[in-house]
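User: I am new to this structure and would like a close look at a single part of it. Please take one helix and walk me through it with care.

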Amino acid sequence: MSDIAPLLAARIAADGPLRLDAWMQACNAHYYATCDALGTDFTTAPEISQLFGEMIGGWIGDLWQRAMGPNPLLNTPLTLVELGPGRGTLLADALRVLARLPGFAANTSLALLETSSTLRTIQARTLSGWAPVWHESVDTLPTTTPLIVIANEFFDALPIRQYLGHGLERAVTHSAAGFSATTMDGGEQTAHERSETSETIIASLAKRIAVQGGAALIIDYGQAETPISTLQAIHAGQAADPYANPGKTDLTAHVDFTRLLAAAGPLKIHGPIAQGQFLAALGIHSRAAALSRGKSHADAAIITAGLARLTAPAQMGALFKAVALTSPDWPVPAGFDQ
Ligand code: SAH
């Protein structure tokens, strides 16, 4: 795919500065469509260690079994949904665990929300054998089965508006010197960021889950306080200018859990809790020990390092949060019960 910089420059020349959410949407769509970025620009939890996806597989299986009751066990069709599956690694690791449950494979369909055709090709390879069906929007997900939805580092990639207070908001302009931040009129008086796209997705999923049954597990970095200025660009593991090189850097913003959960309507909310606490409650430490048994020193050290990256408070353990949403008649999911 061609460079989007000339297209964005022409759009700004014709229509004036581009609002930040439109900029972020265009840049990220191009970014995810053109590069197999995961692992080069940034590394996500499932790419760090198989332990992450395995823990989530156990979480899904436990919840599904308890929601359905033991008898008849697992003969109800389920749609397992992942939002923004990246390389498909999380689900591949989770499904290795889930495939051991009697009846699970036969009754489960995979639905993947993914806009990048490059990543869809990779996901098809990683998840071959599970016949995933891809969706552009949550609106086309199956309407007749319960839905268990997983979203890891998905909402942080969705477009935000950045209100600067005093009736102004962030926009992007272009001149001979390149792209740069500017302001435009925007109604709000207090400075804050907001992702309307994220709220819309949560609201439609929540409506579905309330009627069809099911749950959603969201893991992302962010806090309960309203974010004010958290837009960042990453290129090759380094912070970059979010306005230089459109479509060539990964643009993200912190997830506003308070606002996201306010959009979850009738669902029950569990958490947010720190990722480290969530994974510990699911038994990641004993799984890491079991996985290390009989391994060489070097291989065991890789497992231990992965465990630390996922759970240590100074690494991903505290900044990343896990939150679960459940249909009102579903049980409390594992990890959220204390
Ligand atoms: N969950 C994965 C990947 C996170 S990167 C992991 O943990 O490794 C973000 C993912 O969301 C990518 O797969 C990207 O293509 C997808 N994505 C970003 N914006 C999207 C949108 N608006 N609709 C659907 N998918 C989107």
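Analyst: Buried here means under 20% relative accessible area, exposed over 50%, and partly exposed in between, with a 1.4 Å probe and protein chains only. This is a predicted model, in which local features need pLDDT of at least 70 and side-chain atom pairs count only at pLDDT 80 or more, while totals for chains, interfaces and linings use all residues. Residues are numbered from 1 along each chain as its sequence is written, and side-chain values use heavy atoms, with hydrogens and water left out.

The part I have chosen is helix α4, residues 50-68; helices (H or I, at least four residues) and strands (E, at least two) are DSSP runs, numbered from the N terminus. Because the expected span is 1.5 Å times one less than the number of residues, the 19 residues of α4 should span 27 Å, and the end C-alpha atoms are indeed 27 Å apart, which agrees.

At the start of α4, a side-chain oxygen of Ser49 comes to within 3.0 Å of the backbone nitrogen of Leu51. Leu51 is itself one of the buried residues of α4, and the others are Phe52, Gly53, Glu54, Met55, Ile56, Gly57, Trp59, Ile60, Gly61, Leu63 and Trp64. In general, an α-helix has 3.6 residues a turn, so residues three or four places apart point the same way. After the helix comes Gly69, whose phi is positive, near 80°.

To sum up, α4 has a span that agrees with its number of residues, a Ser49 side-chain oxygen reaching to Leu51 at its start, and Gly69 with a positive phi following it.

Methods:
Polar contact = N/O pair within 3.5 Å; in protein donor to acceptor, adjacent residues only side chain to side chain.
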